[in-house]
Amino acid sequence: MAAPGENLKINGDRLWDSLMEMAKIGPGVAGGNNRQTLTDEDAEGRALFQSWCEVAGLTMGLDTMGNMFARREGTDPDALPVYVGSHLDTQPTGGKYDGVLGVLGGLELIRTLNDLGIKTKHPIVVTNWTNEEGTRFAPAMLASGVFAGIHDQAWAEAREDAAGKKFGDELDRIGWRGEEPVGDRKMHAFFELHIEQGPILEAEGKDIGVVTHGQGLSWTQVTITGKDSHTGSTPMPMRKNAGLAMARVLEKVEEIAWSHAPHAVGAAGHIDVYPNSRNVIPGKAVFTIDFRSPDKAVIEDMVTRMKTAAQAICDDMGLEVAFEVAGGFDPVEFDESCVTAVRNAAERLGYSHMNIVSGAGHDACWINRVAPTAMVMCPCVDGLSHNEAEEISKEWATAGADVLMHAVVETAEIVE
Ligand code: HGY
Ligand code: MN
Ligand code: MN
């Protein structure tokens, strides 16, 4: 396939302006974003994205999980499209670029092709996947998981948030459920541009991460049950302190993750104690342990050892413990030809680059199950993400979008 010329570049200022415009929707309290999935803010962000797609001459498809597909026609309408995209939903204390860069980077390459009148054989489709973050409705990458046949749609739609609201009801409430069955679309390839969300690229002084693999993830929700009682009048030997048991389990999680250094990680980001009152011993603790590693056997070892330790701690303290799988996926190896297209693009454009394993999960990890898939990464400042202070440079965003465009256009085959 003919490769695009090295002078084919996106408009970095226009991309940056769009990122800043989208960041105004669902602002956080410290300069980032709180545009959680299926909230009114998510709906507003979707509407803005749709309006931009209409201006770019794209036709919008919408499936019954709210996944958005903005299509640019190719010269061969029967050719399978090349898909490109990511997610517009954010963490409650999220940054302006996690996911958004991948959706708007996809839109920017369309805008550039339109400006230059470049045609491709394969159509190109820019995608916004619903609920990548999994923070309001677990698990993460929920709608791309339904699309890839990983999750049953009825199960997904029944997922509840902390207030007991169901995914499917909230999707209807914001009016973003389409008619299209989920997963019928066939892809020639899928590319996702994403910030690294870790420190490696910046530390190594590289503009581009050529993502060869994604590490695997395991989410286990742990429920420890003790007994609510008075923090003042309950003698120490009589206490059934679920909060204390949780603390001991979390110490073990830290120890287990370190035992597989340097590549394994472990922590609990979601922690609830009940009744969470200053003068009541917690009778219940519910928390989600997030273990990750590039090696599936390591993840399995960490989960097994955590459960054994938690059971021993609770037996010793006279408490009950229960475990529930809250999410997870195996380590991912991306498609070699798509990864090569990314690497060749970085070379052609003269951007410094290195192979990298994605530390975070992405929709691409599921789509890789149903289509040849690869990712492009750009650095982020201090490797910080899932924090309102998440920051990238316009140069990094531009380089990432340039590489994305070249990989997509080469795969979609330019028509001279
Ligand atoms: O959890 C993850 O890795 C992704 O940010 N949802
Ligand atoms: Mn993301
Ligand atoms: Mn994220």
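## The manganese site of ligand 3

At a relative accessibility of 39%, H386 counts as partly exposed, because that class covers the values between under 20%, which is buried, and over 50%, which is exposed. The model described here is predicted. In this model H386 is one of the residues that coordinate the manganese ion (ligand 3). The NE2 atom of H386 serves as a donor, together with an OD atom of D98 and two OE donors from E133, at 2.1 to 2.5 Å. Along the chain, these donors follow the spacing D-x34-E-x252-H.

The pair of D98 and H386 links distant parts of the chain, 288 residues apart. D98 belongs to the loop between strand 3 (82-86) and helix 3 (100-116), while H386 belongs to the loop between strand 16 (373-378) and helix 12 (394-412). In contrast to the partly exposed H386, D98 counts as buried, with a relative accessibility of 4%.

## The manganese site of ligand 2

The manganese ion (ligand 2) has its own set of protein donors, namely H87 (NE2), D98 (OD) and H194 (NE2). These donors lie 2.1 to 2.3 Å from the ion, and their spacing along the chain is H-x10-D-x95-H. D98 and H194 are 96 residues apart and connect distant parts of the chain, with D98 in the loop between strand 3 and helix 3 and H194 in strand 6 (residues 189-195). Both of these residues are buried.

D98 appears in the two donor sets, and it bridges the manganese ion (ligand 2) and the manganese ion (ligand 3). The two ions are 3.4 Å apart.

## The surroundings of ligand 1

Ligand 1 is surrounded by E132, E133, A140, R292, A360, G361 and H386. By class, this shell holds two nonpolar, two polar and three charged residues. Two members of the shell, E133 and H386, also coordinate the manganese ion (ligand 3).

Several polar atoms of the protein approach the ligand. An N or O atom in the side chain of E132 is 3.0 Å from a nitrogen atom of ligand 1, and an N or O atom in the side chain of E133 is 3.5 Å from a nitrogen atom of the ligand. At G361 the backbone is involved: one of its N or O atoms lies 2.7 Å from an oxygen atom of ligand 1. Taken alone, ligand 1 exposes 210 Å², and the protein buries 95% of that.

## Helix 3 and the contacts of E108

Helix 3 follows the loop that carries D98. This helix has 17 residues and reaches 24 Å from its first C-alpha to its last, close to the 24 Å expected at 1.5 Å a residue. Helix 3 is mostly covered, as 14 of its 17 residues are buried. Just after the helix, G117 takes a positive phi of about 65 degrees.

E108 lies in helix 3. Its relative accessible area is 0%, so E108 is buried. The side chain of E108 makes a polar contact of 2.8 Å with the side chain of R14, and another of 2.8 Å with the side chain of T112.

## Backbone features in the loops

Two cis peptide bonds precede prolines. One runs from A261 to P262, with omega near 5 degrees, and P262 is found in the loop between helix 8 (242-258) and strand 10 (265-274). The other joins Y274 and P275, where omega is about 5 degrees; P275 is placed in the loop between strand 10 and strand 11 (280-281).

N276 is found in that loop between strand 10 and strand 11 as well. Although N276 is not a glycine, it has a positive phi of about 60 degrees. With a relative accessible area of 62%, N276 is exposed. L38, another residue other than glycine, has a positive phi near 65 degrees. L38 sits in the loop between helix 1 (12-23) and helix 2 (40-55), and it counts as buried at 0% relative accessibility.

## A separation across the model

G168 is found in helix 6 (residues 167-174) and counts as buried, at 4% relative accessibility. The C-alpha atoms of G168 and E413 are separated by 38 Å, and the two residues are 245 residues apart along the chain.

Key: Residues are numbered from 1 along each chain as its sequence is written. Chains are lettered from A and ligands numbered from 1 in the order in which they are written. This is a predicted model: local features need pLDDT of at least 70, side-chain atom pairs count only at pLDDT 80 or more; totals for chains, interfaces and linings use all residues. Side-chain values use heavy atoms; hydrogens and water are left out. A residue is near a molecule or strand if one of its heavy atoms lies within 4 Å of it. A polar contact is a pair of N or O atoms within 3.5 Å; within protein, one must be able to donate a hydrogen and the other to accept it, and residues adjacent in sequence count only if both atoms are side-chain atoms. Accessible areas come from the Shrake-Rupley method with a 1.4 Å probe; for residues, only the protein chains shown count as cover. Ala, Val, Leu, Ile, Met, Phe, Trp, Tyr, Cys and Pro count as nonpolar, Asp, Glu, Lys and Arg as charged, and the others, Gly among them, as polar. Donors are N, O and S atoms within 2.8 Å of the metal (3.2 Å for Na, K and Ca); water is not among the atoms, so sites may look incomplete. Helices (H or I, at least four residues) and strands (E, at least two) are DSSP runs, numbered from the N terminus. Buried means under 20% relative accessible area, exposed over 50%, partly exposed in between (1.4 Å probe, protein chains only). The expected span of a helix is 1.5 Å times one less than its number of residues.
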